[in-house]
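Student: I would like to go through this structure with you. Could we begin with a single residue and work outward from there?

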Amino acid sequence: MTEPTPDHIMQVGLGFWASKTLLSAVEMELFTELAKHPEALETLQGRLGLHARSSRDFLDALVALKFLERRDGKYYNTPSTDFFLDKRKPSYIGGMLEMANHRLYPFWSHLTTALRTGLPQNEVKDGSPDPFAALYADPARLQEFLKAMTGVSHGANMAIGRKFPWSKYKTAVDAGTAQGDLITQVALANPHLEGTGFDLPEVGPIFEDYVEKNGLAGRVKFSPGSFFDRPLPKADVVMMGHILHDWNLEVKRMLVRKAWEALPEGGAFIAYECIIDDERSTNAFGLLMSLNMLIETPGGFDYTGADCAGWMKEAGFRETRVEHLVGPDSMVVGIK
Ligand SMILES: C[S@@+](CC[C@H](N)C(=O)[O-])C[C@H]1O[C@@H](n2cnc3c(N)ncnc32)[C@H](O)[C@@H]1O
């Protein structure tokens with residue numbers, strides 16, 4: 001029998017110290033600065049506007065947390081922070097961390113209230129039934145949210161581009177596409193494919209800009225609309241990334257049915273997010289994401305592969321399978 005230790009309890013209980021240190025570093029664009037060249041303490045202190053009392057502890061804490069390296073008195077990015085947290089690189093995923101810093105961090109301080117009331121604790125706290133209407137009322141918030149989605153989804157999007165048997169299909173639609181990274185990665189990895197991103201009209205210009213920057217303007221187009229008001233555009237493959245978890249069970253079932261209606265016989269529906277393991281005991285990220293949906297939406301929740309396969313079967317899909325993508329993300333595939 002090993003003696004119990006408090007290590008894990010303290011590490012998670014005070015985990016927000018490390019989290020907020022990283023979020024502040026992203027906010028100050030520290031990694032973007034260091035991607036230009038390594039810097040000494042005094043130069044960084046001046047450039048980031050750090051107080052002399054905090055700068056050494058802040059930077060050395062980031063070294064100890066393995067987000068920076070220090071050699072010969074200079075601070076360097078690690079290979080990961082250089083690749084993923086330099087704002088000038090297309091591989092930047094800090095959008096999600098920027099949003100976590102501005103929005104989620106303060107909202108999560110009301111988790112206990114959310115747990116007791118079952119009510120969201122973000123901009124829809126006043127009772128608006130559509131979380132996106134409140135979020136998109138401010139153009140800066142819209143832009144930040146859509147970029148954040150690319151940050152959180154990019155690894156899985158590339159995996160879907162590579163892993164799914166795309167050679168069998170000619171067209172794909174990504175419903176709730178945000179900036180369009182999923183359809184972009186799928187189209188980049190599969191030059192024979194034509195793609196459509198479907199989302200609310202205000203998302204259009206941000207989507208089109210992203211697709212153009214990736215050189216896909218001729219092959220990937222935007223289709224505006226709300227999935228509450230119209231059918232999904234028809235395609236051989238319908239994809240939904242982090243969509244089903246935004247909504248209550250009734251809307252989830254409606255969206256799965258709309259995916260089925262948009263597909264031809266033999267077409268495929270891919271629903272992906274941090275799918276919770278069927279035992280609901282190991283995918284902590286998926287379970288915490290579900291609590292994040294409690295904070296962010298009036299009825300959303302994350303779900304297991306078996307839950308989703310059940311809704312797919314109910315809608316008429318003849319075959320389903322769950323396939324791991326990257327990290328906590330998996331896709332549930334339904335074949336019509
Ligand atoms: C959580 S984000 C997911 C974005 C992206 N699929 C991903 O995985 O990164 C949800 C997306 O659904 C879109 N959305 C919300 N309500 C919608 C509606 N009624 N019709 C179409 N899209 C909607 C939002 O604009 C947003 O882009």
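Student: Which residues is M239 in contact with, leaving aside its neighbours within four places in sequence?
Tutor: This is a predicted model. In it, M239 is in contact with I160, W166, A172, V173, D174, A175, L182, I183, V186 and I270, once neighbours within four places in sequence are set aside.

Student: And which residues touch the most other members of the largest nonpolar core?
Tutor: M239 is one of them, together with I160, W166 and F269; the core has 70 residues. Helix α10, residues 139–163, supplies the largest share of this core, with eight residues.

Student: What lies apart from that core?
Tutor: Another core, of 17 residues, lies apart from it; its members include A25, L30, L59 and Y75.

Student: L59 belongs to a helix, I believe. Which residues of α5 are buried?
Tutor: They are S55, F58, L59 and L62. Seen down the axis of α5, these buried residues fall within an arc of 90°, so they line one face of the helix.

Student: What do they pack against?
Tutor: The buried residues of α5 pack against the helices α2 (15–27), α3 (30–36) and α4 (41–48), and against the strands β2 (68–71) and β3 (74–77).

Student: Which exposed residues are on the face turned away from the buried side of α5?
Tutor: That face carries R53, R56, D57 and A64.

Student: How far does α5 reach from its first C-alpha to its last?
Tutor: Its 13 residues, 52–64, reach 19 Å, close to the 18 Å expected at 1.5 Å a residue. α5 is followed by K66, whose phi is positive, near 70°.

Student: Let us change topic. In what order do the strands of the open sheet come?
Tutor: The seven strands are arranged as β6-β5-β4-β7-β8-β10-β9, with mixed pairing. β6 (220–224) and β9 (319–324) each have a single partner strand and stand at the edges, so one side of each is left without a neighbour in the sheet. From one strand to the next, the twist averages 20°.

Student: How many bridges join β9 to β10, and do the two run parallel or antiparallel?
Tutor: Six bridges join them, and β9 and β10 (residues 330–335) run antiparallel. One of the partnerships is between H324 and S330, the latter in β10.

Student: Which strands does helix α15 touch where it packs on the sheet?
Tutor: Helix α15, residues 305–315, touches β8 (268–273), β9 and β10, and its direction makes about 20° with that of β10.

Terms used
Residues numbered from 1 in each chain as written. Predicted model: local features only at pLDDT ≥ 70, side-chain atom pairs only at ≥ 80, totals over all residues. Heavy atoms only, no water. Pairing = 2+ DSSP bridges. Helix = DSSP H or I, 4+ residues; strand = E, 2+ residues; numbered from the N terminus. Axes fitted to C-alpha atoms, helices over the stretch in contact; angles between N-to-C directions. Contact = heavy atoms within 4.5 Å. Core = buried A, V, L, I, M, F, W, Y, C linked by side-chain atoms within 4.5 Å. Buried < 20%, exposed > 50% of the residue type's maximum accessible area, 1.4 Å probe, protein only. Expected span 1.5 Å × (residues − 1). Arc of directions from axis to C-beta.
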